[in-house]
Amino acid sequence: MRSRSPAHCRRLSCLTVAGVLLAAAAFSAAPQPARAAVGAEAAGKQIAERYDVQVLKVAPGEIDGRKVWLLTVMVPGGNSNSAFQVHRLAVDQESGDLVPSFRHHTEGYTLPPAAPGGERP
């Protein structure tokens, strides 16, 4: 049996280490669970700035199979009848767009979900 030189052993160990590192990189590049493109804080900030409302609460939710952020917002005080009204908005987690509250169908429409603890009239 032929003995191997120290240089050959070093090359072999370097190739082994490189193979392990390559395998680890491939494993870490494996598909990860989907994360929201728009985070809860970013969605709240975006809606607050765009519509001049105060965001009271942000919670995760789902509408028609889409992951959304459900925002409870309040219109700030002022000299109008809409002052201090509280509304519930849905923001798509992927695009950051508002999800329409009323969804029209061939035979009518679907009302938005009631707020937690709230009842429909």
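Student: How are accessible areas obtained here, and how much does the protein expose?

Tutor: Accessible areas come from the Shrake-Rupley method with a 1.4 Å probe, and for residues only the protein chains shown count as cover. In this protein about 9400 Å² is exposed, with carbon and sulfur atoms supplying 58% of it. Keep in mind that this is a predicted model, where local features need pLDDT of at least 70, side-chain atom pairs count only at pLDDT 80 or more, and totals for chains, interfaces and linings use all residues. Residues are numbered from 1 along each chain as its sequence is written, and side-chain values use heavy atoms, leaving out hydrogens and water.

Student: Which pattern of helices and strands does the protein follow?

Tutor: Helices (H or I, at least four residues) and strands (E, at least two) are DSSP runs, numbered from the N terminus. Here the order along the sequence is α-α-β-β-β-β-β, that is, 2 helices and 5 strands.

Student: How many strands form the open sheet, and in what order?

Tutor: Two strands pair if DSSP finds at least two bridges between them. In this case 3 strands form an open, antiparallel sheet in the order β1-β2-β3. β1 (54–63) and β3 (86–92) are the edges, each with a single partner strand, so one side of each has no neighbour in the sheet.

Student: What links β1 to β2?

Tutor: Strand β2 (residues 66–74) pairs with β1 in the antiparallel sense over 9 bridges. As one example, V55 stands opposite V73 in β2.
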